[in-house]
Amino acid sequence: MFSIDDTDKLLYIATLCLVVFGSIMIFSAEMGNALSLNNTNNPNYFPIVIAKQLLFVFIGLVAMLFVSNVNIMRKEQFYYTMAAVIGAVLLSCRLFGSVHGAYAWIRTPIGTIQPSEFAKIFTIVMIGRFAAFHKETKHESIDLLRNMLYVLASFAVIIVVLQKDTGSGLVLAGIAYLLLLMLDNKYYFKFRKVLFIGLFVIIAGVIFVVSPVCTAFLESLGSSSYMVGRFLASANPFKYQYNIGYHLVMSLVSFATGGIFGLGYGNSIHKYMNFPNPENDFILPVIVEELGIIGFSIIVILYGIIIFTLYRYAFSKKADLTSKIILLGVSLYFILHFILNVGGVTGFIPLTGVPLLLISSGGSSWIASLMAIGFAQNEIKKIKRKMIYENNSR
């Protein structure tokens, strides 16, 4: 049923290596939760953790192989229907309680589901497919773009305003913004020009946000806002080491403790007491503390292989615009998650709660990440088959 013919085997190998490495590190990080005051009397906690992780890996791998083997080109109406379904699911998160102030999850008997992870993947595929829907008139082209922007804006508003999940909103908006720059329809010239100008404004805004001037302004406000606290903690964690900067300081201590080779697998000290989510947001400090810079290098190398492979096919002569958008979109998905997670736990940028894909715990992010690889492989198949056909025609 599932064929890997014409796919990129190196991409699959790098992905599977990340799956194994990430799962092993989740088991280690979860030791901190297993020995917490809430779980010491629950002998089944760790076996359940292992079973859930293996289940998520299995579902993710099946989903990856499935989407890599199906024809995902559909009529325009199909994507509007899917957008409505995803939007409704995103809204339904408000029916469940918040976690750290965010309403981003749906609770089920086997765990939680975070619909925003799947909204990110849908955004990539939708923009890629809409790029293939060539309209004959200017009016039809503008309508198509307007409808797509309505969908993207709706997702962003629901995630950021209603779910209060700024991290996921930033990733989705970042992916959509950069992919929209690639639309080559002649009627979108003015729109793309505005986006390019906006890109420079955004870059200037980011530079200001991480500057001492912005930090001084936030401090002058004296606000007790959770978001403001994250900005101040990232700017000077040691100044706030006994309150808003405590977890970040402990993260930096873990990095320093790990050194080059680390303390050894399972030997992290800080995962037992100093991180609110050692298996999720703060799994990287646990990895570096146990495996050192070598452990971090493994992640960087595997991520590098995945991203390089995606870029290699995206910029090949046989890649059409749809393939380019989807392949670059998947690479942006991994890159933005990496930047926001690593930047957050090292203090370069404020913490956002964004997971490190295929490393941090979380069923939704694992399944969505593997599906993203599957969609990329689907496009790679198209490109490789074009190459084979051309070679055979010579």
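Select lysine 164, which follows H5 and has a positive phi near 60 degrees. The model is predicted. Lysine 164 is not a glycine, yet its phi is about 60 degrees. The residue sits in the loop between H5 and H6. Color it by accessibility: lysine 164 is partly exposed, with a relative accessible area of 48%.

**Helix H5**

Step back along the chain and select residues 138–162, which form helix H5. How far apart are its end C-alpha atoms? They are 35 Å apart. The 25 residues, at 1.5 Å each, should span 36 Å, so the two values agree.

Now show the buried side chains of H5. Select Ser141, Leu144, Leu145, Met148, Val151, Leu152, Phe155, Ile158 and Ile159. What covers them? The cover includes helix H3 (76–92), helix H4 (115–130), helix H6 (166–180) and H7.

Stay on H5 and pick aspartate 143 and arginine 146. Their side chains meet in a salt bridge, 2.6 Å from N to O. Both residues lie in helix H5, three residues apart, about one turn of the helix. Aspartate 143 is partly exposed at 24% relative accessible area. Arginine 146 is also partly exposed, at 35%.

**Helix H7 and the nonpolar patch**

H7 is part of the cover over H5. Select residues 189–209 for helix H7. Then switch to a surface and add Ile202, Val206, Phe208, Val209, Val210 and Val213. Together these residues make a nonpolar surface patch of about 510 Å². Which element gives the largest share of the patch? Helix H7 does, with four residues.

Zoom in on isoleucine 202, one of the patch residues. It is found in helix H7. Isoleucine 202 is partly exposed, with a relative accessible area of 42%. Patch members need over 30%, so isoleucine 202, at 42%, clears that cut-off.

**Helix H13**

Move on to residues 363–393, helix H13. Start at glutamine 377, which has its place in this helix. Is glutamine 377 buried or exposed? Glutamine 377 is buried, with a relative accessible area of 0%. Select its surroundings next. Leaving out residues up to four places away in sequence, glutamine 377 touches Thr7, Asp8, Leu11, Tyr12 and Ser68.

**Salt bridges to H13**

Side chains of opposite charge can pair when their charged atoms come close. The structure holds nine salt bridges. Select aspartate 6 and arginine 385 for one of them. Their N to O distance is 3.1 Å. This pair links distant parts of the chain, 379 residues apart. Aspartate 6 is in the segment before helix H1 (9–34), and arginine 385 is in helix H13. Aspartate 6 counts as partly exposed, at 23% relative accessibility. Arginine 385 is partly exposed too, at 45%.

Now pick arginine 129 and glutamate 379. Their side chains meet in a salt bridge at 2.8 Å, N to O. This pair also links distant parts of the chain: arginine 129 is in helix H4 and glutamate 379 in helix H13, 250 residues apart. Both residues are buried.

Widen the selection. Which residues are linked in a network of salt bridges? Arg129, Asp320, Glu379, Lys382 and Lys386 are.

**The loop before H13**

Select leucine 358. It lies in the loop between helix H12 (321–346) and H13. Its phi is positive, about 65 degrees, although leucine 358 is not a glycine. Check the accessibility: leucine 358 counts as buried, at 0%. Lysine 164, at the start of the tour, is partly exposed.

**The whole chain**

Zoom out and show the cartoon. The protein chain has 13 helices and two strands. Along the principal axes, its C-alpha atoms fill a box of roughly 60 × 50 × 40 Å. How does the radius of gyration fit the length of the chain? A compact globule of 394 residues would have a value near 21 Å; this chain has 22 Å, which agrees.

Color by burial. Of the 394 residues, 49% count as buried. The chain exposes about 18,700 Å², and carbon and sulfur atoms supply 69% of that area.

Last, draw a contact map. Take the contacts with a separation of 6 or more: residues 24 or more positions apart account for 72% of them.

Technical notes:
Residues are numbered from 1 along each chain as its sequence is written. This is a predicted model: local features need pLDDT of at least 70, side-chain atom pairs count only at pLDDT 80 or more; totals for chains, interfaces and linings use all residues. Side-chain values use heavy atoms; hydrogens and water are left out. Patches are made of residues with over 30% relative accessible area and no salt bridge: like charges are joined within 9 Å, nonpolar side chains (Val, Leu, Ile, Met, Phe, Trp, Tyr) within 5 Å. Accessible areas come from the Shrake-Rupley method with a 1.4 Å probe; for residues, only the protein chains shown count as cover. A salt bridge is a side-chain nitrogen of Lys or Arg within 4 Å of a carboxyl oxygen of Asp or Glu. Buried means under 20% relative accessible area, exposed over 50%, partly exposed in between (1.4 Å probe, protein chains only). The expected span of a helix is 1.5 Å times one less than its number of residues. Contact means heavy atoms within 4.5 Å. The radius of gyration is taken over C-alpha atoms; the globule rule is 2.2 Å times the number of residues to the power 0.38.
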